[in-house]
Amino acid sequence: MEHPLLSLGRTLNLRQKMVLLASIPLVLAVAAIALLVAFQERQLAEREIRTLETQLVAAKEAELRNYLSIARNAIINIYGRAAPDDEAAKLAAGQILSSMTFGADGYFFVFDYDGNNLVAPRRTELIGRNWSGLTDTHGTPITDELIKIARNGGGYHSFEWEKPSTGETAQMVSYVIGLQDWQWVIGTGIFVDDIIEAVAATRAEVQRRIRRTFIYIGAIALGALLMVYSTGLGLNIRDRRAADRKQHQLTQRIVDAQEEERSRVARELHDSISQILVGIRYALELARRQVSSGDARAETTLQGGVSHLNVAIHEVRRISRDLRPAILDDLGLGPALQALTEDFSKRTGIETQFQTVVFHNRLDKDARIALYRIAQEALTNVERHSGATQVEIKLYGHKHGGTLWIRDNGCGIRDTRNGPGLGLRNMQERVEQLDGEFSIDSSRDGTTIEARVPLSHMLTPESKTGRNA
């Protein structure tokens with residue numbers, strides 16, 4: 001018996017298959033939207049919860065400051081008239097603070113700067129003992145931190161502490177000040193378990209809202225799936241036409257780039273090699289006639305032909321280097337750019353500076369070729385269009401990858417109404433193929449080009465091939 005899916009596949013026509021395929025991305029998109037909405041809602045809720053928590057804690061802190069202000073006012077007359085070693089005054093102040101309690105768990109505590117507890121009316125087992133180094137169950141320092149805060153004028157500290165009313169451990173926020181003459185730490189604390197409970201309740205409500213959101217999105221997705229069967233085919237045809245159009249544009253740009261490169265090579269051959277070879281031919285013919293007639297100038301003519309032949313060899317090597325420099329593969333990007341800039345400066349008379357450092361790792365082949373071609377294209381633009389007198393090139397590596405930086409002092413890029421030219425587009429596409437970043441900053445004072453390749457194109461030390469970059 002034939003499988004039902006095979007039978008269905010044979011009965012569906014092309015239109016139905018395309019609609020069916022179109023529904024798959026829709027489902028994925030709806031799922032992604034649902035996750036994104038849930039994520040955004042959760043983030044918004046977290047911000048609201050943090051705001052609520054901050055407000056509640058601020059209210060508690062204000063309450064603590066008021067309590068401690070009351071305690072300080074209660075003993076200020078005694079403290080103000082007493083000497084630093086007045087034990088009677090200290091005893092009287094301690095008795096007043098011991099009698100001041102609030103709520104089921106609130107009280108004031110006193111430590112001296114050595115860590116000895118002097119007042120703890122609801123934790124009497126602490127009195128008279130040194131509690132330096134005391135920490136809570138999570139290792140948060142308590143006594144030493146409170147003393148430190150008091151020495152610096154006062155402030156807040158949060159830690160876990162046992163509730164006198166229940167004996168259970170809960171989170172406490174304390175506020176302390178220091179009496180510097182007596183070297184006392186006076187403080188009080190409020191348990192914030194009610195804040196924790198409020199935050200937990202808010203988070204539970206957020207979870208309920210997110211579940212409702214998923215239900216709503218699911219209903220919308222179901223309606224969208226019903227609509228896709230009437231719109232899917234048109235969308236696919238439109239996308240296909242757009243893709244064909246983009247492919248045609250890309251193909252045309254590749255053809256244009258190839259034609260431009262061929263035209264450049266043809267000009268190079270015609271303007272330099274061809275003329276030099278014609279001169280060599282005339283020199284050889286003249287030398288032949290001079291040898292036939294016994295003219296003593298034949299040797300001089302031959303030497304001139306040899307000189308022209310050397311120039312032709314040099315030009316062939318230069319054109320070959322421009323097409324694909326062997327030094328790029330043999331020695332690396334740094335030496336290749338050094339040779340390129342030296343040749344450019346010598347040929348054009350434009351002052352060109354090149355700076356580089358040895359990379360800790362090495363650029364891979366794709367990155368070397370791309371950065372070299374970008375430098376080559378940039379120098380060509382400088383020569384043809386910028387009118388610059390100075391060019392500066394820097395190549396360096398960093399913790400994020402490698403960067404090629406080129407700046408000239410020319411007139412800048414004048415006409416960008418139709419977008420960047422073919423050369424600039426080629427540079428940008430080379431960098432984008434490497435998942436890098438490409439930027440152009442142009443003004444009347446000059447143009448700066450920066451190409452950055454990511455760390456993924458830096459070879460590991462185990463892959464070193466002896467090239468500098």
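I began at the end of helix H4 in this predicted model, where I found that Gly-153 follows H4 and has a positive phi, near 115°.

Going back into H4 itself, which spans residues 143-151, I listed its buried residues and got Thr-143, Leu-146, Ile-147, Ile-149 and Ala-150. I then checked how these are placed around the axis: they cover an arc of only 165°, which puts them on the same side of H4. I also looked up what covers them, and noted that the cover includes strand S2 (106-112), strand S4 (155-162), strand S5 (169-179) and strand S6 (184-191).

Next I turned to a sheet further along the chain. I traced 5 strands in the order S7-S9-S10-S12-S11, forming an open sheet with mixed pairing. At its edges I found strand S7 (351-356) and strand S11 (437-443), each of which pairs on one side only. I recorded an average twist of 10° from one strand to the next.

I looked more carefully at the S7 edge, where S7 and strand S9 (residues 390-398) run parallel and are joined by 6 bridges. Within this pair, I noted that Thr-352 stands opposite Val-391 in S9.

I then asked which helices lie against these strands. Helix H8 (residues 333-348) packs on the sheet and touches S7, S9 and strand S10 (401-408), and I noted that its direction makes about 170° with that of S7. Helix H9 (residues 365-386) lies across S9, S10 and strand S12 (446-454), and I recorded that H9 runs at about 10° to S10.

I followed this up by looking for nonpolar cores. The largest has 34 residues, and I listed Leu-333, Leu-337, Leu-371, Val-391 and Leu-404 as those with the most contacts inside it. I saw that H8, H9, S9, S10, helix H10 (422-433) and S12 each supply at least two residues of this core, while H9 gives the most, with 10 residues. Val-391 thus appears in my notes both opposite Thr-352 and among the core residues with the most contacts. I also found a second, separate core of 31 residues, which includes Leu-97, Trp-182, Trp-184 and Val-206.

Last, I took down totals for the whole protein. I counted 10 helices and 13 strands, and noted that buried residues make up 35% of the 469 residues. Among contacts with a separation of 6 or more, I found that 62% come from residues 24 or more positions apart. The exposed area came to about 28,000 Å², of which carbon and sulfur atoms supply 55%.

Key:
Residues are numbered from 1 along each chain as its sequence is written. This is a predicted model: local features need pLDDT of at least 70, side-chain atom pairs count only at pLDDT 80 or more; totals for chains, interfaces and linings use all residues. Side-chain values use heavy atoms; hydrogens and water are left out. Buried means under 20% relative accessible area, exposed over 50%, partly exposed in between (1.4 Å probe, protein chains only). Helices (H or I, at least four residues) and strands (E, at least two) are DSSP runs, numbered from the N terminus. The arc is that of the directions from the helix axis to the C-beta atoms. Contact means heavy atoms within 4.5 Å. Two strands pair if DSSP finds at least two bridges between them. Axes are lines fitted to C-alpha atoms, for helices over the stretch in contact, and angles run from 0 to 180 degrees between N-to-C directions. Accessible areas come from the Shrake-Rupley method with a 1.4 Å probe; for residues, only the protein chains shown count as cover. A nonpolar core is a set of buried Ala, Val, Leu, Ile, Met, Phe, Trp, Tyr and Cys residues joined through side-chain atoms within 4.5 Å.
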